[in-house]
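Welcome, and thanks for opening your viewer. Shall we take a walk through a protein together, one selection at a time?

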Amino acid sequence: MALSRLEKVQVWLLKAAAGLLFALFRLLSPRSGAPSGSRKLPPVSCPLLLMSATRLAHKIRKKEVSSVEVVQAYINRIQEVNPFLNAVTKDRFDAALQEAKQVDVLIEEETGGEEVLEDRLPLLGVPLSVKESFALQGMPFTCGMVSRKGVVATVDAPPVALLKRVGAIPMGVTNTSELCMWCESNNHLHGITNNPYDFQRIPGGSSGGEGSILGGAGAVIGVGSDIGGSIRMPCFFNGIFGHKTTPGVVSLENQFPVCSGRQAEFCSSGPMCRYAEDLLPMLRIMAGPNAGMLSLDTKVDLKKLRFFTIPHDGGSPMTSPVSEELMAAQRKVVERLEADLGVKVQEVHFPEFRYGIQIWDTYMSLPDKEGKLPTPFVELMGEPGKSTWPFWELLKRMVGRSDHTMAAIGLALLEKARVTEPSAFIIQQKERLQKNIDELLGTDGVFLYPSHPRVAPKHHHPLFRPADCAYTGIINMLGLPVTQCPLGLGEEGLPLGVQVGAGRLQDHLTLEVALYLEKTFGGWRDPGAN
């Protein structure tokens, strides 16, 4: 079914506004990036940086390496790469070293043996990075807002607290997009974050600082949140693994901004890491008392699963076409699945995917059960004061006086232009899609879908194609678990990847496929290697 005349006008207005904002940005903003003369990250030289968190924890418990040695290795790496990446906005190195010393003492004094430590403290002594929109006690809690400069977290967000409780050692907090509502991690408080594979490219957002420092081997595990692709886009652009959990499993408490309206139905917190074997144990820990909702202890036989591949969104006029390079990578996954497992991967198409960005925008704006609408974006921009006037901020931006990024101003302008009543046509498309995809997947179905229509774009270029995030955002609206998996590097030396999704609460299926894809395609690649 074609878009209505009103919706066609909305598409045109979105493209026109995006083009105008991009042109204004290019005209008014200086170039930014890594230190002059730099083109590539230093290669990883310390073997400890090339081990999974699971393996590091094992070696620490067995006293084959000390936690202090591991933490110091990551301190050295962060200090080496962060000047190029601007990913870590505030470190806690001194505290981390003190905590590592306490870990080593604890291991020396433990009389119950390694098995006791593994059961009680599975991540004992392992470094952890944290997205700055999660509260980490004693650390900045700003979400890239100039108006929140000086705000410090007084508690830990539950997923962070749970990871600390089992021995993980936070190293610092990482950059985000302003208010976590853009696909590039850039703000006027901490600056712009770079992609470790190409400093002129974006690391994604809003968990872009996490993606960048993980991809650059400055971290081994981290935590992110995802309401439109904020885990998966950074993981794709930075060549790492990331899991968007089934909503309602991992707590969203003590994050900023707070979900409102129906947004908590679509937002998930989850693990980000370089090695696939760390995904499941991290998820089990982060889920806390809700881990029982998932079948994480169930053994998965990939040969007994039903596989589907969705090559693209059907040709939405609002998104970029999927590049041939990424479509070829997804076809290779299909070929290997069929050859290695003896399964038949069925190609399927959902015409409703064409309306992905409209579905995402509509459902993000719906009221909750009590009829309360989501907090307006202009109100969040003005936090903790009055709502922002986006047209005034645009004028201030033209003379370099606004505290807000062009992306945030653009989103606020689009919010002002939004039609008050949700489109019945778009609601219908989403409900039909939900019914059809739930019936298709059941409890044993897995699907492949592009993580993004193109590899990591250059800085600020998403301003011109803001709807490309529909490839991740539509999965949020469907409430499905999905894992972004790296598939090596493309012709420009940039990461390739694919989303692996499954039915609601079937997270264990996508995590098992991630292990297979890592073994088959090689997983994360050192961006500094030749």
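Before the first stop, here is a term for the tour: two strands pair if DSSP finds at least two bridges between them. Keep in mind also that this is a predicted model.

**Stop 1: the whole sheet**

Colour the strands. In what order do the 11 strands of the open sheet lie? The order is β1-β3-β2-β6-β8-β7-β12-β13-β11-β9-β10, and the pairing is mixed. Going from one strand to the next, the twist averages 25°. Now select 88-91 and 345-347: these are β1 and β10, which stand at the edges. Each has a single partner strand, so one side of each is left without a neighbour in the sheet.

**Stop 2: walking in from β10**

Keep β10 selected and add β9, residues 306-309. These two strands run parallel and are joined by three bridges. Click on Thr-309, and you will find it opposite Glu-347 in β10. Thr-309 also has a bridge partner in β11, namely Leu-448. That pair belongs to the parallel pairing of β9 with β11, which extends over four bridges.

**Stop 3: strand β11**

Select residues 445-449. Are the residues of β11 buried or exposed? Five of its five residues are buried. Show the side chains and look at each face in turn: Gly-445, Phe-447 and Tyr-449 lie on one side, while Val-446 and Leu-448 lie on the other. Both faces are covered.

**Stop 4: strand β13**

Next, add residues 495-502. This is β13, which runs antiparallel to β11 and is joined to it by four bridges. Which residues face each other here? Phe-447 stands opposite Gly-501, and Val-446 has Ala-502 as its bridge partner. β13 is mostly covered too, with eight of its eight residues buried. One side carries Pro-495, Gly-497, Gln-499 and Gly-501; the other carries Leu-496, Val-498, Val-500 and Ala-502.

**Stop 5: the hairpin**

Extend your selection to residues 482-489, strand β12. It pairs with β13 in the antiparallel sense over six bridges, and one matched pair is Cys-485 with Val-498. The two strands form a hairpin with five residues between them. Zoom in on Gly-493 in the turn, where phi is positive at about 75°.

**Stop 6: a covered helix**

Select 356-364 to see helix α11, in which eight of the nine residues are buried. Among them are Ile-357, Ile-359, Trp-360 and Met-364.

**Stop 7: the cysteines**

Now select every cysteine. A disulfide is a covalent bond between the sulfur atoms of two cysteines. How many disulfides are there? The count comes to zero, using a cut-off of 2.5 Å between the sulfur atoms. Why is Cys-46 not in one? The closest cysteine sulfur, in Cys-273, is 19 Å away, too far for a bond. Cys-143 is in no disulfide either: its nearest cysteine sulfur, that of Cys-180, is 3.3 Å away. While you are here, compare their surroundings: Cys-46 is partly exposed, with a relative accessible area of 22%, whereas Cys-143 counts as buried at 1%.

**Stop 8: out to the surface**

Finish by switching on the surface and selecting Trp-389, Trp-392, Leu-395, Met-398 and Val-399. They form a nonpolar patch with about 610 Å² of accessible area together. Trp-392 is found in helix α13, residues 390-398. At 49% relative accessibility, Trp-392 counts as partly exposed.

Notes
Residues are numbered from 1 along each chain as its sequence is written. This is a predicted model: local features need pLDDT of at least 70, side-chain atom pairs count only at pLDDT 80 or more; totals for chains, interfaces and linings use all residues. Side-chain values use heavy atoms; hydrogens and water are left out. Buried means under 20% relative accessible area, exposed over 50%, partly exposed in between (1.4 Å probe, protein chains only). Patches are made of residues with over 30% relative accessible area and no salt bridge: like charges are joined within 9 Å, nonpolar side chains (Val, Leu, Ile, Met, Phe, Trp, Tyr) within 5 Å. Accessible areas come from the Shrake-Rupley method with a 1.4 Å probe; for residues, only the protein chains shown count as cover. A salt bridge is a side-chain nitrogen of Lys or Arg within 4 Å of a carboxyl oxygen of Asp or Glu. Axes are lines fitted to C-alpha atoms, for helices over the stretch in contact, and angles run from 0 to 180 degrees between N-to-C directions.
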